[in-house]
Amino acid sequence: MELEKLKQLLGITGTDRDAVLQFCIDSITETITGYCHVDTIPGGAMNTAYRMAMDLYRNENLGSIDADSGTIASITEGDTAVSYKENTDYTQSLLKHYRAQLSRYRKLKW
């Protein structure tokens, strides 16, 4: 996967998000190669890999100062209370969404 292509797909210019985007690329590469039991992302799965990286970047709010707070579950206005959903491993839930596309490249492991 190429960093510049991912930046174009996300509409990002400049280099201030490069480390975060590279982390997304590395994480998705690790997820796909681990699931498919291969050393590199298969060529036919490259667009799926970019879609997964874009989803990871958008949904995990990586690199944000507020990233630790998680997703808001509920807000109460009287005496102000905000509760957050537990942070789950979004990469694994992301794999569930793309499993059908990746299964054709999966190799058996003994």
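Which residues of helix 2 are buried? Here are my notes on that and a few related spots; keep in mind that this is a predicted model.

1. **Helix 2, the buried set.** To take the opening question head on: Asp18, Val20, Leu21, Cys24, Ile25, Ser27, Ile28, Thr31, Ile32, Thr33, Tyr35 and Cys36 are the buried residues of this helix. Two of them, Asp18 and Thr33, get their own points below.

2. **Helix 2, the geometry.** The helix has 19 residues, and from its first C-alpha to its last it reaches 27 Å. That is close to the 27 Å expected at 1.5 Å a residue. Right after the helix comes His37, with a positive phi near 60°.

3. **Asp18.** This residue lies in helix 2. Why does Asp18 count as buried? Its relative accessibility is 17%, and the cut-off for buried is under 20%. Setting aside neighbours within four places in sequence, Asp18 is in contact with Leu3 and Lys7. With Lys7 the link is also a polar contact, side chain to side chain, at 3.0 Å.

4. **Lys7 with Asp18.** The same two side chains meet in a salt bridge, 3.0 Å from N to O. Lys7 sits in helix 1 and Asp18 in helix 2, so the pair ties together parts that are 11 residues apart in sequence. Both partners are buried; for Lys7 the relative accessible area is just 5%. As a general reminder, side chains of opposite charge can pair when their charged atoms come close.

5. **Glu4 with Lys7.** How many salt bridges does the structure hold? There are 2. Besides the Lys7 and Asp18 pair, Glu4 forms one with Lys7, where the closest N and O atoms are 3.8 Å apart. Worth a look when you check that distance: the salt-bridge cut-off is within 4 Å. Glu4 and Lys7 both belong to helix 1 (residues 3-10), 3 residues apart, or about one turn of the helix. Glu4 is partly exposed at 49% relative accessible area, whereas Lys7 is buried.

6. **One network.** Put the two pairs side by side: Lys7 bridges to Glu4 and also to Asp18. Through these shared partners, the salt bridges join Glu4, Lys7 and Asp18 into one network.

7. **Thr33.** Back in helix 2 (residues 18-36), have a look at Thr33. It counts as buried because its relative accessibility is 16%. A polar atom of the Thr33 side chain lies 2.8 Å from the backbone oxygen of Thr29. Leaving out residues up to four places away in sequence, Thr33 touches Val38, Asp39, Thr40 and Ile41. There is also a long step in sequence to note: Thr33 and Tyr105 are 72 residues apart along the chain, yet their C-alpha atoms are separated by 9.6 Å.

8. **Helix 3.** This one covers residues 46-60, which makes 15 residues. Its reach from first C-alpha to last is 21 Å, close to the 21 Å expected at 1.5 Å a residue. Which of its residues are buried? They are Thr48, Ala49, Tyr50, Met52, Ala53, Met54, Leu56 and Tyr57. Just after the helix, Asn61 takes a positive phi of about 55°. A positive phi also turns up at His37, the residue that follows helix 2.

Methods. Residues numbered from 1 in each chain as written. Predicted model: local features only at pLDDT ≥ 70, side-chain atom pairs only at ≥ 80, totals over all residues. Heavy atoms only, no water. Helix = DSSP H or I, 4+ residues; strand = E, 2+ residues; numbered from the N terminus. Buried < 20%, exposed > 50% of the residue type's maximum accessible area, 1.4 Å probe, protein only. Contact = heavy atoms within 4.5 Å. Polar contact = N/O pair within 3.5 Å; in protein donor to acceptor, adjacent residues only side chain to side chain. Expected span 1.5 Å × (residues − 1).
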